[in-house]
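Q: Please take a close look at how side chains of opposite charge are placed, and then set them in the context of the rest of the chain.

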Amino acid sequence: MSVGHTEVTVEPVVPSAGPVVRCGDEHEDCGIREVLDRIGDKWSVLVVVELAQGIRRFRQLQRAVPGISQRMLTLTVRRLERDGLVARTVYPTVPPQVEYRLTEMGHSLTHLVKALADWSAAHRDPIARARREWDAEHPDSGIR
């Protein structure tokens with residue numbers, strides 16, 4: 001507990017049918033940390049969303065994801081390729097032409113991304129309101 005945070009936050013009790021995820025051992029994480037490391041980073045979901053529209057060349061991806069650097073896009077697509085979510089095709093031209101597409105597993109992720117986007121849109125205003133209220137009550141928290 002921080003010096004400035006001395007109150008107890010109490011959530012309303014919502015009846016539950018049980019745990020959302022159960023892996024067996026109480027300390028087992030089912031591999032969810034590795035998945036969240038990938039899709040929870042700043043750029044991966046945006047790349048997946050763009051590739052869900054179809055095959056893209058590197059520059060098309062870079063233009064479609066504002067703010068991403070060439071290096072960060074390269075790392076992102078390599079990581080997604082390593083995880084089996086993206087396939088990369090290199091054509092023997094000069095200069096080499098490279099295309100990216102979602103794999104079947106990558107496409108299976110898109111319905112979850114859509115659900116998250118829908119949830120975000122539905123809760124954008126209440127979250128903004130909650131943030132304003134919290135910031136007003138904790139002006140020196142440094143949390144943004």
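A: Burial is used here with fixed limits: buried stands for under 20% relative accessible area, exposed for over 50%, and partly exposed for what falls in between, with a 1.4 Å probe and protein chains only. This is a predicted model, in which local features need pLDDT of at least 70 and side-chain atom pairs count only at pLDDT 80 or more, while totals for chains, interfaces and linings use all residues. Residues are numbered from 1 along each chain as its sequence is written, and side-chain values use heavy atoms, with hydrogens and water left out.

Side chains of opposite charge can pair when their charged atoms come close. With a salt bridge taken as a side-chain nitrogen of Lys or Arg within 4 Å of a carboxyl oxygen of Asp or Glu, the count for this model comes to 2. One of them joins K114 to D118, whose side chains meet at 2.8 Å, N to O. Both K114 and D118 belong to helix α5, where they are 4 residues apart, or about one turn of the helix; helices (H or I, at least four residues) and strands (E, at least two) are DSSP runs, numbered from the N terminus. K114 counts as partly exposed because its relative accessibility is 49%, and D118 is likewise partly exposed because its relative accessible area is 39%.

The other setting to examine is that of R56 and E50, which also form a salt bridge, with their closest N and O atoms 2.6 Å apart. In this case both partners, R56 as well as E50, are buried, in a protein chain of 144 residues of which 20% count as buried.

To place these pairs in the fold, the protein chain has 5 helices and 3 strands, and from the N terminus on its elements follow the order α-α-β-α-α-β-β-α. Helix α5, which carries L116 as well, spans residues 104-137.

An aromatic contact adds to this picture. The structure holds 1 aromatic pair, made by F58 and Y100, whose arrangement is tilted, at 6.5 Å centre to centre and with 55° between the planes. Rings of Phe, Tyr and Trp (its six-membered ring) pair if their centres lie within 6.5 Å, and planes under 30 degrees apart count as stacked, over 60 as edge-to-face and the rest as tilted. The pair links distant parts of the chain, since F58 sits in helix α3 (residues 58-64) and Y100 in strand β3 (residues 97-102), 42 residues apart. F58 and Y100 are both buried, as R56 and E50 are.

Two loops complete the account. In the loop between β2 (86-91) and β3 lies P95, and the peptide bond that leads from V94 to P95 is cis, with omega near -5°. The loop between α4 and β2 contains D83, which counts as partly exposed because its relative accessibility is 29%. D83 and R38 are 45 residues apart in sequence, and their C-alpha atoms are 8.5 Å apart in space.

Taken together, the salt bridge of K114 and D118 lies within a single helix, α5, and that of R56 and E50 has two buried partners.
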